[in-house]
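Here is my note on the model you sent. The points are numbered so that you can reply to each in turn.

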Amino acid sequence: FWVCASPLRVLILPFSAKVSRRPKKPTPSLKFATFNCFSLRNKVHQVLEMMLDFEIDVAGLTETWLMENEWAVESEFQEYGFKIVSMPRAGRRGGGVAIVLREGLTIKVPKRMKHFKTLEYVYATIQGIGVVPTTLAVVYSSPTK
């Protein structure tokens with residue numbers, strides 16, 4: 001279902017990550033969401049509020065507009081128990097993608113990722129205790145490219 005919190009657009013996607021191959025045990029799930037931030041710097045608290053209110057485990061962010069080494073944004077997420085992996089747009093303003101995940105989950109980002117002229121992306125494998133490793137990709141294509 002869609003949840004709108006102007007100017008932040010949000011899509012919450014139901015997704016189950018199987019935890020056990022034994023059919024008798026309950027299967028916990030991870031909650032995924034995607035946010036088109038249109039600049040994350042001034043919306044960190046809105047993103048955090050949505051993630052906490054809806055108990056979102058992993059979020060893909062587009063149009064973060066972050067630069068390399070923006071420690072203030074990273075520390076705000078850490079303060080609330082989340083990690084962020086950001087891939088800023090290279091060479092010009094705007095764009096950028098990121099993955100945010102709650103504590104207790106680990107993320108493995110490949111050391112080398114191919115560069116595309118028309119796409120910005122980050123992909124990683126997310127793992128946790130009892131969680132089947134899940135690969136997530138966040139892809140953004142700017143309408144002005």
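1. One cut-off first. A residue is called buried under 20% relative accessible area, exposed over 50%, and partly exposed in between. By that rule arginine 102, with a relative accessible area of 28%, is partly exposed. Keep in mind throughout that this is a predicted model.

2. Overall make-up. The chain holds two helices and nine strands. Their order along the sequence is β-β-β-α-β-α-β-β-β-β-β. The chain has 145 residues, and 40% of them count as buried.

3. Contacts and surface. Take the contacts between residues at least 6 apart in sequence: 55% of these join residues at least 24 apart. The chain exposes about 9,000 Å². Carbon and sulfur atoms account for 56% of that area.

4. Salt bridges. How many salt bridges does a search of the whole structure find? The search finds three. In general terms, side chains of opposite charge can pair when their charged atoms come close. The next three points take the pairs in turn.

5. Arginine 41 with glutamate 70. Their side chains meet in a salt bridge, at 3.0 Å from N to O. Arginine 41 sits in the loop between β3 (32-36) and α1 (44-53), and glutamate 70 in the loop between β4 (58-62) and α2, so the pair ties together parts that are 29 residues apart in sequence. Arginine 41 has a relative accessible area of 39%, which means partly exposed. Glutamate 70 has 22% and is also partly exposed, because buried would need a value under 20%.

6. Arginine 102 with aspartate 57. This salt bridge spans 2.5 Å from N to O. The pair links distant parts of the chain, 45 residues apart. Arginine 102 belongs to strand β6 (residues 97-102), while aspartate 57 lies in the loop between α1 and β4. Is aspartate 57 buried or exposed? Its relative accessibility is 9%, so aspartate 57 counts as buried. Its partner, arginine 102, is partly exposed at 28%.

7. Arginine 89 with glutamate 120. The closest N and O atoms of this salt bridge are 2.6 Å apart. Arginine 89 is in the loop between β5 and β6, and glutamate 120 is in strand β8 (residues 120-128). The two are 31 residues apart, and the pair links distant parts of the chain. Arginine 89 has 14% relative accessibility, so arginine 89 counts as buried. Glutamate 120 has 8%, so glutamate 120 counts as buried too.

8. The largest pocket. About 410 Å³ of space lies in this pocket. It is lined by 16 residues, and those closest to its centre are Asn69, Val85, Ser86, Met87 and Pro88. Two elements, α2 (71-79) and β5 (82-87), give two or more residues to the lining. Strand β5 supplies the largest share, four residues. What classes of residue make up the lining of the largest pocket? There are 10 nonpolar, two polar and four charged residues.

9. The second largest pocket. The space here is about 350 Å³. Of its 15 lining residues, Pro88, Ala90, His115, Leu119 and Glu120 lie nearest the centre. The lining divides into eight nonpolar, one polar and six charged residues. Glutamate 120, one of the residues nearest the centre, is also the salt-bridge partner of arginine 89. Pro88 is named near the centre of this pocket and is among the residues closest to the centre of the largest pocket.

10. Backbone angles to check. Two residues other than glycine deserve a look. Phenylalanine 38 has a positive phi, near 50 degrees. Phenylalanine 38 lies in the loop between β3 and α1, and at 44% relative accessibility counts as partly exposed. Tryptophan 65 also has a positive phi, near 60 degrees. Tryptophan 65 is placed in the loop between β4 and α2. At 23% relative accessibility, tryptophan 65 counts as partly exposed.

11. Where the loops recur. The loop between β3 and α1 holds phenylalanine 38 and arginine 41. The loop between β4 and α2 holds tryptophan 65 and glutamate 70.

Conventions:
Residues numbered from 1 in each chain as written. Predicted model: local features only at pLDDT ≥ 70, side-chain atom pairs only at ≥ 80, totals over all residues. Heavy atoms only, no water. 1 Å grid on protein atoms, 1.4 Å probe; cavity = no way out; pocket = protein on both sides within 12 Å on 5 of 7 lines; lining within 4 Å. Points joined across faces, edges and corners; volume = space filled by probe spheres on them. Nonpolar A, V, L, I, M, F, W, Y, C, P; charged D, E, K, R; others polar. Buried < 20%, exposed > 50% of the residue type's maximum accessible area, 1.4 Å probe, protein only. Contact = heavy atoms within 4.5 Å. Areas by Shrake-Rupley, 256 points an atom, 1.4 Å probe, with all protein chains shown as cover. Salt bridge = Lys/Arg side-chain N within 4 Å of Asp/Glu carboxyl O.
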